[in-house]
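Here is a friendly walk through one model, to be read with the structure open beside you. We will stop at a loop, some strands and a pair of helices.

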Amino acid sequence: MFTAYFNALTLVNDEEFNALLDIQLDGNRHFYSHTSTTLEQLDKLDTSQFNVILLQLSEAPQPTLLIQLVDLSKNAKLVIIADDPKLATLAFEIGAVDFITTHSPISRLNKCFEKLIHLCPLASAMEQAHQLTKPLLNSHLIVKDVGKVRLIEIDDIIWINGAGNYVELHFWQQDAAVLHRETMKNIEQQLAPAGFIRVHRSTLVKQAVISELTATDSGDYKLKLKNGVQLNLSRRYKNSLATILQTA
């Protein structure tokens, strides 16, 4: 049985990024639980029950809040989230473990979690033991482009659709898709260990990001992802539907 060592508190006002944090924290074996709220409620919280705090700043903190943050960093592992790069220096000056932005990809969040695990001797030892028993999987796809080769982190991909002899790789932030020369069959086999399932003849989706299923009159389903994207689930892929419902 795996022992979890972290209780996390997320004080994040950005709803989309908070949803991404929820997915990653819920799926991380080292986090026993987490509570989500907003920075405005910080004064009302008993933070003694949390050993990891992820806190979003929209501007440089006023003196009162600055003192609170210094105290937090002494009693918990503090991660500052902000889009102003000037706040990165402040984050480390007050003793934060890490600094990330609301545009950070999933792979960057996972590196933040790895840092937290490394700072906890018990969690670090458990993770090393787990890695020894886990099958070796590629962490990225090699995507060839004109005159260059790109390494795309598999963690950052949330859904894929077929486009002829290519597939389009889509990400949480809904940036422009990346075109990859590969068949749907091959990419499905490569990404199945990472939690991807086939929901349509031309669509793969990471199961962990599905938030809603809606039946249609035709017998198919509409899938809504946690970043707002909507996809079709064909009744031909009933096995995938059963998998989603069994783990929901």
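Strands, as the word is used here, are DSSP runs of E with at least two residues, and they are numbered from the N terminus. Please keep in mind that this is a predicted model.

## The loop at Arg201

With that in hand, Arg201 is easy to place: this residue sits in the loop between E11 and E12. Is Arg201 buried or exposed? Its relative accessible area is 55%, and exposed means over 50%, so Arg201 counts as exposed.

Setting aside neighbours within four places in sequence, Arg201 is in contact with Met184, Arg236 and Tyr237. Thr47, by contrast, is 154 residues from Arg201 in sequence, and their C-alpha atoms are 48 Å apart in space.

## E12 and its partners

The two strands flanking that loop, E11 and E12, form a hairpin with two residues between them. E11 covers residues 196-200 and runs antiparallel to E12, with four bridges joining the two. If you would like a pair to look for, Ile197 stands opposite Val205 in E12.

E12 also pairs with strand E8 (residues 157-163), again in the antiparallel sense, over three bridges. Here Ile160 has Leu204 of E12 as its bridge partner.

Which way do the side chains of E12 point? In a regular strand the side chains alternate between the two faces of the sheet. In E12 (residues 203-206), Thr203 and Val205 point one way, while Leu204 and Lys206 point the other way. All of these residues are buried, Lys206 included.

## A three-stranded open sheet

Further along the chain is an open sheet of three strands in the order E13-E14-E15, with antiparallel pairing. Strand E13 (210-215) and strand E15 (230-233) are at the edges with a single partner strand each, so one side of each has no neighbour in the sheet. On average, neighbouring strands of this sheet are turned by 30 degrees against each other, direction ignored.

E13 and E14 run antiparallel and are joined by five bridges, with Glu212 standing opposite Lys224 in E14. They form a hairpin with five residues between them, and Gly219 in the turn has a positive phi of about 95 degrees. On the other side of the pairing list, E14 (residues 221-225) and E15 are antiparallel over four bridges, and Lys222 has Asn232 in E15 as its bridge partner.

## Two helices that cross

Two packed helices are described by the angle between their axes and the distance between the axes. For helix H1 (residues 15-26) and helix H4 (residues 106-118), the axes come within 11 Å and cross at roughly 55 degrees. That makes H1 oblique to H4, and the crossing is right-handed.

What meets what at this contact? H1 brings Phe17, Leu20, Leu21, Gln24 and Leu25, and H4 brings Ile106, Leu109, Asn110 and Phe113. By type, the residues of this contact are seven nonpolar, two polar and no charged.

## Gln190 in helix H6

Our last stop is Gln190, in helix H6 (residues 184-191). At 39% relative accessibility, Gln190 counts as partly exposed.

Not counting residues up to four places away in sequence, Gln190 touches Leu141 and Glu182. Asn138 is 52 residues from Gln190 along the chain, with 8.7 Å between their C-alpha atoms.

Notes
Residues are numbered from 1 along each chain as its sequence is written. This is a predicted model: local features need pLDDT of at least 70, side-chain atom pairs count only at pLDDT 80 or more; totals for chains, interfaces and linings use all residues. Side-chain values use heavy atoms; hydrogens and water are left out. Two strands pair if DSSP finds at least two bridges between them. Axes are lines fitted to C-alpha atoms, for helices over the stretch in contact, and angles run from 0 to 180 degrees between N-to-C directions. Angles under 35 degrees count as roughly parallel, over 145 as roughly antiparallel, 65 to 115 as roughly perpendicular and the rest as oblique. A crossing is left-handed if the near helix is turned anticlockwise from the far one by less than a right angle, and right-handed if clockwise. Contact means heavy atoms within 4.5 Å. Ala, Val, Leu, Ile, Met, Phe, Trp, Tyr, Cys and Pro count as nonpolar, Asp, Glu, Lys and Arg as charged, and the others, Gly among them, as polar. Buried means under 20% relative accessible area, exposed over 50%, partly exposed in between (1.4 Å probe, protein chains only).
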